[in-house]
Amino acid sequence: MFKKILLATTPQIDTQTAPKAAFDMVRKYDAELLIYHALPIGKDDWCSFDDTIPAEKLVEASAAKIREFYAEDLKTIPNHSIRVITGASHDKLFKLVHTEGVDLIVMGHHTSASIYPGSMLGSVNTAIRDVCSNAFCPTMVVTHEGSKSADIKKIVFATDFSTPSDSALCYTTQLARQLGAHIDVFHVLDTGQRCPNPEFYMQDMNVFVDKAKAKMQQRYAKPLEGISHSFECWEGVPYVEILKKARWSEADLVVMAQYSTSLEGGTPFIGSTVIQVALSPGCPALIVNYRARTCS
């Protein structure tokens, strides 16, 4: 399933959760590892860092430091390379993902409070959103120190019944078949954090739960044939309930689609529920971008 894994690394990282997960997965699946780092170089109308030191030397020095920092792990990963680029743009990352045929991007839990003072999410919100909105392959965000990301046996798939969710389910079924994993298909009846949904106060909540489970059965039973799975649904605030479900199920992975249904076409779901799930302590979150997929 994973033949080429890209680890997006940065010195602004609180813990080495993502690198450890990436290294473990590369070893387990005998994959190729690309360590990627974007080196910010400032320029204005008066000067640039090139006036004091060539960008090529900065790139070489950064790559050498990365190699030294991960030296012990890289000893056991012969098939690896380090790519350092200049500039904060993710364009070169997307080009690298496309040209190299990367199967998976792994990112970690890092923030920069100076960019968003007082913000809980910090700059990682923008970084993950930018990567997932443009990269062709799925992105795994790893925040928990004790992650078992290399040994995936139980998956929680969170759906909102949108077309992107259906596409993400197809990817999840392919993953589960190859890994022999169980899938918990889960839907949250969004009661509304700030604007309560009056529909849910008109009937018993079990009526809506039963309807959602029937919809799951009708929509997903065929692609899930031959895979150990279950359907579950309850009400609440989506990101909170998804985290609860993953914790109570002792899941190894949460899979979510990049976009959900919205009144505004193409509105990023990732700026709210997905980001909050991905950055909260718990099992890794796999964010699957939308593309047409055939369930098999």
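**Figure 1. The salt bridge between Glu100 and Arg83 in the predicted model**. Glu100 pairs with Arg83 in a salt bridge whose closest N and O atoms are 3.2 Å apart. The two residues belong to distant parts of the chain, with Glu100 in helix H4 (residues 91-100) and Arg83 in strand S3 (residues 80-86), 17 residues apart. Glu100 counts as partly exposed because its relative accessibility is 24%. Arg83 is also partly exposed, with a relative accessible area of 27%. Side chains of opposite charge can pair when their charged atoms come close.

**Figure 2. The salt bridge between Glu232 and Lys213**. The side chains of Glu232 and Lys213 meet at 3.5 Å, N to O. Glu232 lies in strand S8 (residues 229-236) and Lys213 in helix H7 (residues 205-220), so this salt bridge ties together parts that are 19 residues apart in sequence. Glu232 is partly exposed, with a relative accessible area of 24%. For Lys213, the relative accessible area is 30%, and this residue is therefore partly exposed. Elsewhere, salt bridges that share partners join Lys4, Glu32, Arg83 and Glu100 into one network. The structure holds 11 salt bridges.

**Figure 3. A salt bridge within helix H1**. The side chains of Asp24 and Lys20 form a salt bridge of 3.0 Å, N to O. Asp24 and Lys20 are separated by about one helical turn because they stand 4 residues apart in helix H1 (residues 17-29). Asp24 has a relative accessibility of 23% and therefore counts as partly exposed. Lys20, at 40% relative accessibility, counts as partly exposed.

**Figure 4. Strand S1 and its neighbouring strands**. Strand S1 (residues 4-8) is mostly covered, as 5 of its 5 residues are buried. Both faces of S1 are covered: Lys4, Leu6 and Ala8 are buried on one side, and Ile5 and Leu7 are buried on the other. S1 runs parallel to strand S2 (residues 32-39), and 5 bridges join the two. In this pairing, Leu6 stands opposite Leu34 of S2. S1 also runs parallel to strand S4 (residues 104-107), to which 3 bridges join it. Leu7 has Val106 of S4 as its bridge partner.

**Figure 5. The surroundings of Thr139 in strand S5**. Thr139 lies in strand S5, which covers residues 139-141. Is Thr139 buried or exposed? Its relative accessibility is 0%, so Thr139 counts as buried. Leaving aside residues up to four places away in sequence, Thr139 touches Ile105, Met107, Val131, Cys132, Ala285, Leu286 and Ile287.

**Figure 6. Two loop residues with positive phi, Phe161 and Glu250**. Phe161 is not a glycine, yet it has a positive phi of about 70°. Phe161 is found in the loop between strand S6 (154-158) and helix H6 (163-179). Its relative accessibility is 11%, so Phe161 counts as buried. Glu250, again not a glycine, has a positive phi of about 55°. Glu250 is placed in the loop between helix H8 (238-249) and strand S9 (253-257). Because its relative accessibility is 64%, Glu250 counts as exposed.

**Figure 7. The protein chain as the setting for the close-up views**. The protein chain contains 9 helices and 10 strands. Of its 296 residues, 51% count as buried. Among contacts in the chain with a separation of 6 or more, 77% are between residues 24 or more positions apart. The chain exposes about 14,800 Å², of which carbon and sulfur atoms supply 53%.

Notes. Residues are numbered from 1 along each chain as its sequence is written. This is a predicted model: local features need pLDDT of at least 70, side-chain atom pairs count only at pLDDT 80 or more; totals for chains, interfaces and linings use all residues. Side-chain values use heavy atoms; hydrogens and water are left out. Buried means under 20% relative accessible area, exposed over 50%, partly exposed in between (1.4 Å probe, protein chains only). Two strands pair if DSSP finds at least two bridges between them. Contact means heavy atoms within 4.5 Å. Accessible areas come from the Shrake-Rupley method with a 1.4 Å probe; for residues, only the protein chains shown count as cover. A salt bridge is a side-chain nitrogen of Lys or Arg within 4 Å of a carboxyl oxygen of Asp or Glu.
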